[in-house]
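Let's take a friendly walk through this protein, from its overall layout down to a few side-chain pairs. Here are the sequence and the structure.

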Amino acid sequence: MGSDSVTKKVKSNVFIVSLFATIAYTLTVLFITNNTLTYSTLPRSILVEVPDANKLLADTTHNFKPFVLNVHSQLPMDTIKQKTKLPLKISEAQVLFHQNPTFLVWILLISIMVSIAAGSIPVSISQIGDLKASYGFKRPEITKAIFYAIFLVVFLMVTNNNLKGYYKPPTLINEFKVLLNHGYILEMIVVATVVLVSPTFVQIFLIGLVSGKVELEEKSIPEFDKAIKRLKYLNKSLQNAMQLLAIIVVFSVLTSTALGEAIKRTIKIDGFDVYPNEINYVYGMYFSLFLCIIYVPVYFYIKQNFLKLKDEAYDLVTTEPDKYTTWYNNQFGQTKFEGTVTDNLKLALTMLSPLLSGFLPDTFGLIK
């Protein structure tokens with residue numbers, strides 16, 4: 001009976017995850033495609049006023065140096081001479097992705113990223129439920145975890161929009177009327193994705209908080225084995241959550257690359273790179289740092305509790321070496337918590353995956 005209930009629960013969870021992901025994918029595709037722009041007449045030039053450090057700051061009317069930069073369309077249609085009469089009529093809906101196929105790649109990448117983030121909601125909630133059933137955390141723990149998650153969400157939103165000296169895509173889209181109806185659509189996608197993965201943030205912080213609740217009722221082999229098993233479960237759950245986040249942030253870097261290429265296929269400004277490739281590397285480094293920030297403290301807190309158990313178990317070895325030495329070495333060996341070399345390599349690749357993904361499109365020509 002117990003096995004049947006577990007099987008039903010797994011099937012139900014799989015269905016719910018698929019449902020969340022499917023709905024998110026469909027809504028994202030419909031939302032973006034209903035807000036795309038097929039064509040926009042670009043201005044011939046733009047005026048850029050740059051603060052001149054050599055000008056006197058007191059002279060507020062002349063401390064900017066003006067530059068007039070020519071603007072060119074990169075759409076293939078704009079290289080063709082217009083005619084007044086055509087033998088065949090093609091609707092605008094059939095033109096967009098032929099002119100800018102990279103924009104289609106961006107739409108699909110964005111939709112996949114949002115669907116994965118949405119599918120993570122029932123998975124994280126289920127994991128949180130398992131943590132509650134196993135460790136019995138109370139309101140203070142869940143309140144702290146939610147507070148930490150909210151702080152992290154706000155931090156991501158603020159820092160993601162606070163890069164100075166960079167002509168951001170939402171502003172470019174608003175001012176040149178290219179690709180999308182409104183630049184805030186990009187910001188809405190970022191906010192939606194971060195909010196969708198916030199239950200995963202709660203799960204990660206809860207793992208750190210409940211790891212301190214792994215305690216011994218008595219110093220005996222069964223109690224130690226039970227505590228070690230629970231800590232290893234928490235560590236594995238943490239790694240699974242990080243792998244999920246790594247997948248999402250890798251997609252975010254790839255979408256950044258695709259968006260930049262889609263913009264470059266739409267508009268060119270003389271003397272001004274509208275979307276430098278280095279932006280992708282910056283995002284890769286930023287998200288790698290982000291993964292480390294949320295993973296490392298929780299991991300070391302779990303490891304600290306494991307080492308505490310190890311010290312307490314060593315007291316048994318000192319009292320009866322013949323009885324406990326073999327068991328102690330089996331349970332607390334060098335790689336029992338840290339994992340094998342392969343495990344550590346996989347973890348390192350997980351942490352660095354956003355940074356590595358920033359180089360992949362240019363290295364292998366994945367998005368051109």
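## A patch on helix 1

Phenylalanine 15 is part of helix 1, which spans residues 2-33. This is a predicted model, and in it phenylalanine 15 has a relative accessible area of 56%, so the residue counts as exposed, the cut-off being over 50%.

Phenylalanine 15 also has company: together with Leu19, Phe20, Ile23 and Leu27 it makes up a nonpolar surface patch. The accessible area of these residues together is about 480 Å².

## The overall layout

Stepping back, the protein contains 11 helices and 3 strands. Read from the N terminus, the order of the elements is α-β-β-α-α-α-α-α-α-α-β-α-α-α.

The protein has 368 residues, and 39% of them count as buried. Its accessible surface is about 21300 Å², with 62% of that belonging to carbon and sulfur atoms. Among contacts with a separation of 6 or more, 80% are between residues 24 or more positions apart.

## Aromatic pairs

If you enjoy ring geometry, there is plenty to look at: the structure has 11 aromatic pairs. One of them joins phenylalanine 103 and tryptophan 106, with ring centres 5.5 Å apart and planes at 5 degrees, so this pair is stacked; the planes need to be under 30 degrees apart for that. The two residues sit 3 positions apart in helix 3 (residues 101-135), which means about one helical turn separates them. Phenylalanine 103 and tryptophan 106 are both buried.

A second pair, tyrosine 148 with phenylalanine 205, is edge-to-face, at 5.5 Å between centres and 65 degrees between planes. This pair links distant parts of the chain, since tyrosine 148 belongs to helix 4 (residues 139-160) and phenylalanine 205 to helix 7 (residues 198-211), 57 residues apart. What about their exposure? Tyrosine 148 is partly exposed, at 34% relative accessible area, whereas phenylalanine 205 has 17% relative accessibility and therefore counts as buried. Elsewhere, ring pairs join Phe97, Phe103 and Trp106 in a cluster.

## The buried side of helix 5

Which residues of helix 5 are buried? In this helix (residues 169-176), they are Pro169, Pro170, Leu172, Ile173 and Phe176. These residues span an arc of only 165 degrees around the axis, so they lie on the same side of helix 5.

Their cover includes strand 1 (45-51), strand 2 (64-73) and strand 3 (267-269), along with helix 6 (184-196) and helix 8 (221-264). Right after helix 5 comes lysine 177, which has a positive phi near 55 degrees.

## Salt bridges

How many salt bridges are there? The count comes to 2. In one of them, glutamate 261 pairs with arginine 265, and their closest N and O atoms are 3.9 Å apart. Arginine 265 has a relative accessibility of 26%, so this residue counts as partly exposed.

The other brings together the side chains of aspartate 273 and lysine 264, also with 3.9 Å from N to O. Aspartate 273 is partly exposed, at 43% relative accessibility, and lysine 264 is partly exposed too, at 22%. For both residues the class follows because partly exposed lies between the buried limit, under 20%, and the exposed limit, over 50%.

Methods: Residues numbered from 1 in each chain as written. Predicted model: local features only at pLDDT ≥ 70, side-chain atom pairs only at ≥ 80, totals over all residues. Heavy atoms only, no water. Patch = residues over 30% accessible without salt bridge, like charges linked within 9 Å, V, L, I, M, F, W, Y side chains within 5 Å. Areas by Shrake-Rupley, 256 points an atom, 1.4 Å probe, with all protein chains shown as cover. Salt bridge = Lys/Arg side-chain N within 4 Å of Asp/Glu carboxyl O. Helix = DSSP H or I, 4+ residues; strand = E, 2+ residues; numbered from the N terminus. Buried < 20%, exposed > 50% of the residue type's maximum accessible area, 1.4 Å probe, protein only. Phe/Tyr/Trp six-rings, centres within 6.5 Å; stacked < 30°, edge-to-face > 60°. Contact = heavy atoms within 4.5 Å. Arc of directions from axis to C-beta.
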